[in-house]
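Reader: I should like to learn how empty space inside a protein is read from a model. Please take me through one case.

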Amino acid sequence: MFSRARDPDVFPASVSRYSVTIPANPAPVGRAPPFALPAALERAVPKRRTHFLAGRVCAREAIARISGGWAPAIALAQDADGCPVWPAGLVGSISHTEAFATAAVARSGEARGIGVDAEPVMSRKAAADLTGFVASEDEILRAARAGLDGLESLTLVFSAKESLFKALFPAYRRRFDYLDCELVGVDPATRRFSMRLKSPFDAAFGAAAFAGRYEAADGAVHTGVLAP
């Protein structure tokens with residue numbers, strides 16, 4: 001059903017990654033899929049079931065690669081907050097778009113949390129709707145100075161914040177909004193970005209500064225964050 005895709009280069013080599021492409025017209029996910037589906041998805045539309053399955057396939061393969069071949073026989077469960085429950089000693093993250101899914105897994109000794117995000121470059125309409133809600137003009141300008149166009153710049157800011165949230169929330173169970181964190185720097189030479197959490201969230205998470213890496217290619221922006 002899914003074809004292997006290139007893994008975006010947004011993590012160090014110690015992080016296990018696995019990505020697939022999702023076909024435009026995938027075969028239907030039957031009532032007996034290879035992984036058990038959460039109850040909430042049993043009656044979901046086929047597209048949503050397919051995207052869930054693609055993410056879980058990526059997660060299983062990424063776990064196998066970092067665990068010497070072992071991987072859970074069933075799909076990762078979801079906790080009460082909807083977060084995947086990763087095997088002991090591992091932290092992970094999943095993301096998907098309409099045509100792409102990816103997972104990243106690290107050992108918990110390397111990072112307290114990990115966040116990966118994939119986003120198609122925003123349309124002008126989406127950018128008009130979201131600007132001001134997810135990013136300040138200063139943040140967009142910082143991304144633009146890295147050589148990204150306006151739509152890519154906003155998409156990078158949005159994706160970086162998504163990755164940061166995914167890296168922090170499972171460990172701390174504390175929610176924060178897009179404007180509670182700020183993109184403060186982008187280095188195009190290394191494709192790295194830096195972010196800071198604003199008060200009082202910096203104290204809640206035990207740190208104010210975080211770093212990640214990005215890749216912009218083929219009409220999409222990918223980001224990854226490891227939370228120490």
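The dialogue below treats cavities, a pocket and one loop residue.

Author: The model is predicted, so local features need pLDDT of at least 70 and side-chain atom pairs count only at pLDDT 80 or more, while totals for chains, interfaces and linings use all residues. Residues are numbered from 1 along each chain as its sequence is written, and side-chain values use heavy atoms, with hydrogens and water left out.

Reader: What is a cavity, and how many cavities of 30 Å³ or more are there?

Author: Rolling a probe the size of a water molecule over the atoms shows where empty space is left. On a 1 Å grid over the protein atoms alone, a cavity is a set of points where a 1.4 Å probe fits but cannot get out, whereas a pocket is an open set with protein on both sides within 12 Å along at least five of seven lines; lining residues have an atom within 4 Å of a point. Grid points are joined across faces, edges and corners, and a volume is the space filled by probe spheres set on the points. Here the count is 2 cavities of 30 Å³ or more, and the largest has a volume of about 60 Å³.

Reader: Where does the largest cavity lie?

Author: Domain 1 (3–110) and domain 2 (117–227) both contribute to its lining, so the largest cavity lies between them; the domain bounds come from an automatic or database domain assignment. Its lining includes Asp 7, Arg 17, Asp 117 and His 222. Strands S4 (100–107), S5 (113–120) and S9 (220–227) are the elements giving two or more residues, and S4 gives the most, with 3. Helices (H or I, at least four residues) and strands (E, at least two) are DSSP runs, numbered from the N terminus.

Reader: Which residues are closest to the centre of the largest pocket?

Author: The largest pocket holds about 600 Å³ of space. Of its 23 lining residues, Gln 78, Gly 82, Cys 83, Pro 84 and Ile 94 are closest to the centre. Helix H1 (46–66) supplies the largest share of the lining, 5 residues. Each of domain 1 and domain 2 provides at least three lining residues.

Reader: Is Pro 23 buried, partly exposed or exposed?

Author: Pro 23, in the loop between strand S2 (16–21) and H1, is partly exposed, with a relative accessible area of 32%; buried means under 20%, exposed over 50%, and partly exposed in between (1.4 Å probe, protein chains only).
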